[in-house]
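Please open the structure in your viewer and keep the sequence beside it, with the selection tool ready. The tour goes stop by stop, and at each stop you are told what to select and what is there.

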Amino acid sequence: VQLQASGGGLVQAGGSLRLSCAASGRAFSRYHMGWFRQAPGQEREFVAIISTSGGTTNYADSAKGRFTISRDNAKNTMSLQMNSLKPEDTAVYYCAAALSYGIQVYFYGYWGRGTLVTVSS
C-alpha cells in the first residue's frame with residue numbers, strides 16, 4: 001500500500017488542523033493505520049492508531065482529548081482531526097500502515113511522506 005499524507009500547515013496555538021492520508025491499492029481495509037510525528041532532533045513518536053474496521057482507536061497521552069483519528073475504507077482514506085493545538089505539537093506528521101495492531105514504529109511496514117505541522121505561540 002502506498003500512502004500520502006496531507007493537510008499540514010501553520011496554525012496558531014489553540015487552533016485546529018485536519019490531516020488526511022490517502023492510500024492506494026485495494027487492501028487498505030486490511031491494515032491498521034497509525035499517525036506518528038517527529039519533531040526536529042527527536043525520535044519518531046506514536047500519536048494515534050485505528051484498527052482495520054475503525055472500531056478500535058488508541059492515542060498517545062499527548063493526543064487524548066484533542067485529536068481524533070478516523071478512517072473511511074470505502075474511500076481508502078484516514079484522517080486526524082487535531083484541535084486545541086499547542087506549540088509542542090509542531091512536527092512532521094506521518095501516516096503508516098501495519099498488519100498487526102501496535103503503537104511501536106516497528107509494527108509499521110508502510111509509511112507515507114510526512115506533512116509538516118507548525119503551531120505558533
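What follows is a walk through a predicted model, from a sheet to a core, then to charged side chains and some loop residues.

**Stop 1: the open sheet**

Begin by colouring β1, β3, β8 and β7, which in the order β1-β3-β8-β7 make up an open sheet of four strands with antiparallel pairing. The strands at the edges are β1 (2-6) and β7, each of which pairs on one side only. If you look along the sheet, neighbouring strands are turned against each other by 15° on average, direction ignored. As background, strands of a sheet pair through backbone hydrogen bonds, and they can do so in a parallel or an antiparallel way.

Now keep β7 and β8 on display, since these two strands pair in the antiparallel sense over six bridges. Select I69 and look across to β8, where L80 stands opposite.

**Stop 2: the nonpolar cores**

Stay with L80 and show its surroundings: leaving out residues up to four places away in sequence, L80 touches L17, R18, L19, W35, V47, A48, F67, T68, I69 and Y93. L80 also belongs to the largest nonpolar core, which has 29 residues, and those with the most contacts inside it are M33, W35, F67, M78, L80, M82 and Y93. To see where this core comes from, colour the elements that give two or more residues to it, namely β1, β3 (17-24), β4 (32-38), β5 (45-50), β7, β8, β9 and β11 (115-120). Apart from this core lies another one, of seven residues, and you can find it by selecting F36, A60, A96 and Y108, which are among them.

**Stop 3: the charged side chains**

How many salt bridges does the structure hold? There are four. In general, side chains of opposite charge can pair when their charged atoms come close.

Select R37 and E45, whose side chains meet in a salt bridge with an N to O distance of 2.6 Å. R37 counts as buried because its relative accessible area is 7%, which is under 20%, whereas E45 is partly exposed at 33% relative accessibility.

Next select D89 and R66, which form a salt bridge whose closest N and O atoms are 2.7 Å apart. This pair links distant parts of the chain, with D89 in the loop between β8 (77-82) and β9 (91-98), R66 in the loop between β6 (57-59) and β7 (67-72), and their positions 23 residues apart in the count along the chain. Are D89 and R66 buried or exposed? D89 is buried, at 1% relative accessibility, and R66 is buried as well, with a relative accessible area of 11%.

With D89 still selected, look for its side chain's polar contact with the side chain of R37, at 2.9 Å. Show R37, E45, R66 and D89 together, as these residues are linked in a network of salt bridges. If you then list the neighbours of D89, leaving out residues up to four places away in sequence, you will find R37, R66, F67, S84, V117 and V119.

For another salt bridge, select D61 and K64, whose side chains meet at 3.2 Å, N to O. Here D61 is exposed, with a relative accessible area of 65%.

**Stop 4: the loop residues**

Before the next selections, it helps to know that most residues other than glycine have a negative phi. Select N76 in the loop between β7 and β8, where this residue has a positive phi of about 55° although it is not a glycine. N76 is buried, with a relative accessible area of 18%.

Move on to S84, which lies in the loop between β8 and β9 and which has a positive phi of about 50°, although S84 is not a glycine either. S84 is partly exposed, with a relative accessible area of 40%, and you have already met this residue among those that D89 touches.

Finish at S29, in the loop between β3 and β4, a residue that is partly exposed with a relative accessible area of 38%. Leaving out residues up to four places away in sequence, S29 touches T52, R71 and N73. As a last step, draw a distance from the C-alpha atom of S29 to that of Y110: these residues are 81 residues apart along the chain, and the two atoms are separated by 14 Å.

Terms used. Residues numbered from 1 in each chain as written. Predicted model: local features only at pLDDT ≥ 70, side-chain atom pairs only at ≥ 80, totals over all residues. Heavy atoms only, no water. Buried < 20%, exposed > 50% of the residue type's maximum accessible area, 1.4 Å probe, protein only. Polar contact = N/O pair within 3.5 Å; in protein donor to acceptor, adjacent residues only side chain to side chain. Contact = heavy atoms within 4.5 Å. Pairing = 2+ DSSP bridges. Axes fitted to C-alpha atoms, helices over the stretch in contact; angles between N-to-C directions. Core = buried A, V, L, I, M, F, W, Y, C linked by side-chain atoms within 4.5 Å.
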